[in-house]
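Student: I'm new to this one. Can you walk me through it?
Tutor: Sure, take a look and ask away.

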Amino acid sequence: MKGGGRPLPIGGRPLPVSGSPLPHAGSPLPFTGRHAELERLRGGLRRPGCRGVVLTGEGGVGKSRLAAEFADEAAAHHRTVRLPVSEAASHVPLAAFAPHLTGPALPGELGRHFQELRNLLATPAGRPRVLLLVDDLHHLDDSSLTLLSALAADAATGFFLVATLPQDADWPEALRSLWHQDAVEHLRIGPFDRATTARLLADTLGAPVSAPVVRALWEAGRGNALWTREILRAAVREGTLRPVDEVWCLTGPLDDTLLDAPAEGRFRGLPEDRRTLLRLLALCGPLGLADALARVTPEALADLEEERLVVVTEDDRRGRVQLAHPWHALLLRRGTPRLLARSLLLEQAGRVREYGARRHGDALSLARWELDATGTADPELLVRAAGHALDDGDVDTMCRLARAALAQGPHVVAGLLLGEGLGQRGEFGESVPVLERAFDEARTPGEVDAAAAALSQHHLYGLGDAVAAFAVLDRAADRIGIRPALTACRAGLLSAVGRNDEAAAVLALAEGADPKPGGDGPAAGDAWTQADVLLLQAHLRVRLSAGRVDEAVRTGRHAYAVQNGLADRWTAYYPARSLYLVAAALLESGRLDEAERTALEGQEAMRDAVPALTVWFAWVRGRVALERGLVTDALAHFREARALARLCGQAFAEQRALAGLVLAAAQTGRLAPEAEALTPADAPYSPLCQADTLRAHGWVRLLGGAAGPARELMLDAARAALARGEATAATALLHDVLRWGPPDSAHEAGTELAAATALVQGALAEVRAAHAAAVTPAGGPDPAALEAVAERMAALGLHLYAAEAFGEAAGAWRRRDRAASAARAAARALALRGRCQEAATPALAGAAAAVPLSARERDIALMAARGRTSREIAEAYVLSVRTVENHLGRIYRKLGVTGRADLADVLLA
């Protein structure tokens, strides 16, 4: 974890933290994520032979909360007895049972107390059994434990015990014996996984939470509910976690929020040698096993591991020792005197230098330790270390080390790394001057390449200045001539500003001089370079825009593999950048599952959140969800992307996310208020006004009742996109117009869509072409062809498109007076719409009216389709079986089906 937060850049809009729904100190978080464990407890209570369940787990995972929630739920039908157990009362005889005894609690009268408690816990015949809750069983005093053991061994009482224990605590012999007899179940409670942590955070904060927040809090809290709660409260209190455009985002590292962690007392009683080792681990991070054993004996290290203060692992056959929790590192660093810290850091740096500092990451460690100890370090070491931080995706550390190197004098690579890091954080006001200086100081062609690449992209994507961006590339070419890296940058920028045909031409010229990007490997004797990666990424962008999406997937995966193998990345930077484009290409190819997996792979590939890249993974996941028809999920992803873009000052990314948000809202029939922030539709085509923006404007006009202007805007945008070599965007624009209908108005769009899809690879383009062919016959839409294309769409996971096509088929059948066929198609449309999270598009509007079933008939039809028998349906609706059979006969006739199997095919999609 990195130290030092940073302010929110101008452009992000944090909402006030006061009045947030975060529980106050001492109150619990919302109960979530334990449904499987609750069901285990319910099952134990229902099972006649089960006498109880013992919950075990490490402190803070939520054992007590789970037991209390279960007891509260069971109290509706079961008398519940709770024993007040605490560490403070563990030495008071019978303290736990005293509130339930009629007289004084006397250790000498256990027999009398046993009979009284036996009566208290006995279950009367025919009544639900009593539930006894004992939280923190290990704190029971000896007399209470003796009584509880006797009561548990007495089968006649019949009560159900729920007890909690720390994960390594000894069980009372009576409970262990019952467990061996399968009369008591053991339920281990583990930490939350990341998905559950995400739900917990969203439930607690009452608003969406960005993926970097989930990752940071899950890793810091290790899925422990108590730790997560304390980190969360501190992060909100310190302002490190705050809402930006209604999405909770991190505005800096979490380090400062961990200062109040309740663990400092654990270190005070340790022997000095052990405490020194822990301090060294806190200051330096993980150490080799030999370095740790130079400080303490093997027995002492084993004791620290058993006490869960350190973790010993094996990495590449080398033993490593690290602290068990990030909280411990922060607390130990805070409690280490400055001079002692300096001494420990320099001593460890000396040990690593004695070894030769040959291992990966040694340069980063040495630079950090010497910088922390003395405030300075060798500039070349700092630059090497900044490069390692770049490899780790650690933007803040990269900036710190590069800035320290520049403090000792000009250094081109340090300037490049600092400029890139500042840009990733949205601090373009500082990054552009830093990169200008690096560009001016660059001497070798490679340095000029790298500086021009970074500076031109910051001008375009950071400041929105395309003229300045191309001017940088021209200045570079004047200095060093036309080189592959400059060619790649020019092609990428041309594609970004809507000149994809020019970009393709530039790359075509370059490919003759350098065949590597088009092949499977470098030419004989050559090695892959950063310029090759830039060329591959340029090809990826151009092919994606041009409709060559399957080629784009292969190119992007190639670029990712090549870049991961490079030793230096200070021109091409982050390999994960290729993955979000690969995910987008997979989406356009109709491979939605692969697209989602690739987006998640990209998020995981960034060991730490790289601010500007996290935006794009949220954006592409929104695109995938929207194509699936999961409109609510899409809205959440686009809102997250927009908030992250505003947080890091990425205006280009913000407009793409905003367009997605408006488009997703439109699929529900609602006009998003955020539409006012879209770049005007008549603005010049640029990174701030691309096809997505125009597509969103088209839907806004349609929802506003201006169907004619909406179609005109979309058709003009599609034709312009095709003229620029952007066939992928053109097909999306034309398909939307086709989806809007009605058939007479959609004919023009269908004809143009059929031509455009011929330029685009993949299954998505194929079903769009088939949709156009089904809508545009001279005699009107072909309902059978529409049903066939709808089935193909559903098979691809395009449930909203499939529902719309079935809705169109229903209308076409009605116009041919085929009522039963129309009803069947409309029923399929409604079933698929049920998978689409509130979708309400024009093509779906008539589907409900086309299903000639009453509400009662529809309910009965759904139950029959799901396999319920006529008798079960009759019992549910208090009808006779004969009446149900009559209803089903009418349903079959209306829908044109012959039986229950056909009903399932029509209604359950």
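**Helix α35 and beyond**

Tutor: This is a predicted model. Start with helix α35, residues 763–775. The helix has 13 residues and reaches 18 Å from its first C-alpha to its last, close to the 18 Å expected at 1.5 Å a residue.

Student: Which residues of α35 are buried?
Tutor: Leu764, Ala765, Val767, Arg768, His771, Ala772, Ala774 and Val775.

Student: New topic. How many residues does the largest nonpolar core have?
Tutor: That core has 205 residues. Leu278 and Leu417 have the most contacts inside it.

Student: Which helix gives the most to this core?
Tutor: Helix α30, residues 651–666, with 11 residues.

Student: And what lies apart from it?
Tutor: Another core, of 29 residues. Leu83, Leu94, Leu161 and Ala163 are among them.

Student: How many disulfides does a search of the whole structure find?
Tutor: Zero.

Student: Why is there no bond for Cys249?
Tutor: Because the closest cysteine sulfur, in Cys648, is 9.4 Å from the sulfur of Cys249, too far for a bond. A disulfide needs the two sulfur atoms within 2.5 Å.

Student: Is Cys249 buried or exposed?
Tutor: Buried, with a relative accessible area of 0%.

Student: What about Cys284, buried or exposed?
Tutor: Cys284 also counts as buried, at 4% relative accessibility.

Student: Last thing: what pLDDT does the protein chain average?
Tutor: The average is 86, and 91% of the residues score at least 70.

Student: Where does pLDDT stay under 50?
Tutor: Over residues 1–20. The model has 46 contacts beyond four places in sequence for that stretch.

Conventions. Residues numbered from 1 in each chain as written. Predicted model: local features only at pLDDT ≥ 70, side-chain atom pairs only at ≥ 80, totals over all residues. Heavy atoms only, no water. Helix = DSSP H or I, 4+ residues; strand = E, 2+ residues; numbered from the N terminus. Expected span 1.5 Å × (residues − 1). Buried < 20%, exposed > 50% of the residue type's maximum accessible area, 1.4 Å probe, protein only. Core = buried A, V, L, I, M, F, W, Y, C linked by side-chain atoms within 4.5 Å. pLDDT = per-residue confidence, 0-100. Contact = heavy atoms within 4.5 Å.
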